[in-house]
Amino acid sequence: MHEHPSEITVVLKSDDGRYTQKFLVYEAFQCNPDDVIIKGCIDEALANTKLVAESVKIKISMEV
């Protein structure tokens, strides 16, 4: 576990709008869209909106 959390922001866009959700992550993860932590954040964001996302953008902020 990291002392300082990383912040992962998932931005979903469609013709009908935009949905943004932020996650604080204390576990180690790789900056890879196939990483289980990042996939989990994307899946949760998709579950929390009714938008049908045409694009997914990930922003990662971490203290090193």
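**Exercise 1.** Is Cys41 buried or exposed?

*Solution.* Start with the scale: under 20% relative accessible area is buried, over 50% is exposed, and partly exposed lies in between (1.4 Å probe, protein chains only). Cys41 has a relative accessible area of 6%. Cys41 is therefore buried.

*Note on the model.* This is a predicted model, in which local features need pLDDT of at least 70, side-chain atom pairs count only at pLDDT 80 or more, and totals for chains, interfaces and linings use all residues. Residues are numbered from 1 along each chain as its sequence is written, and side-chain values use heavy atoms, with hydrogens and water left out.

**Exercise 2.** Find how many disulfides the structure has, and explain the result for Cys41.

*Solution.* A disulfide is a pair of cysteine sulfur atoms within 2.5 Å. Searching the whole structure gives zero disulfides. Cys31 is in none, and its nearest cysteine sulfur, that of Cys41, is 12 Å away. Cys41 is unbonded because its closest cysteine sulfur, in Cys31, is 12 Å off, too far for a bond. As for accessibility, Cys31 counts as exposed, at 62%.

**Exercise 3.** State the order of the secondary structure elements in the protein chain.

*Solution.* Helices (H or I, at least four residues) and strands (E, at least two) are DSSP runs, numbered from the N terminus. The protein chain has one helix and three strands. Read from the N terminus, the order is β-β-α-β. Of the 64 residues in the protein chain, 28% are buried.

**Exercise 4.** Place Lys59 and Ile60 in the chain, and name the surface patch that each belongs to.

*Solution.* Strand β3 covers residues 55–61 and contains Lys59. Ile60 is also found in strand β3. Patches are made of residues with over 30% relative accessible area and no salt bridge; like charges are joined within 9 Å, and nonpolar side chains (Val, Leu, Ile, Met, Phe, Trp, Tyr) within 5 Å. A salt bridge is a side-chain nitrogen of Lys or Arg within 4 Å of a carboxyl oxygen of Asp or Glu. Lys59 is partly exposed, at 41% relative accessible area, and joins Lys13, Arg18 and Lys57 in a positive patch. Ile60 is partly exposed too, at 33%. The nonpolar patch that holds Ile60 also includes Val56, Ile58, Met62 and Val64, with about 460 Å² of accessible area together.

**Exercise 5.** Describe the position of Glu7.

*Solution.* Glu7 lies in strand β1, residues 6–14. Its relative accessible area is 28%, so Glu7 is partly exposed. Tyr26 is 19 residues from Glu7 in sequence and 8.9 Å from Glu7 in space, C-alpha to C-alpha.

Definitions and conventions:
Accessible areas come from the Shrake-Rupley method with a 1.4 Å probe; for residues, only the protein chains shown count as cover. Lys and Arg count as positive and Asp and Glu as negative; His and the chain ends are not counted. The place of a charge is taken as NZ of Lys, CZ of Arg, CG of Asp or CD of Glu.
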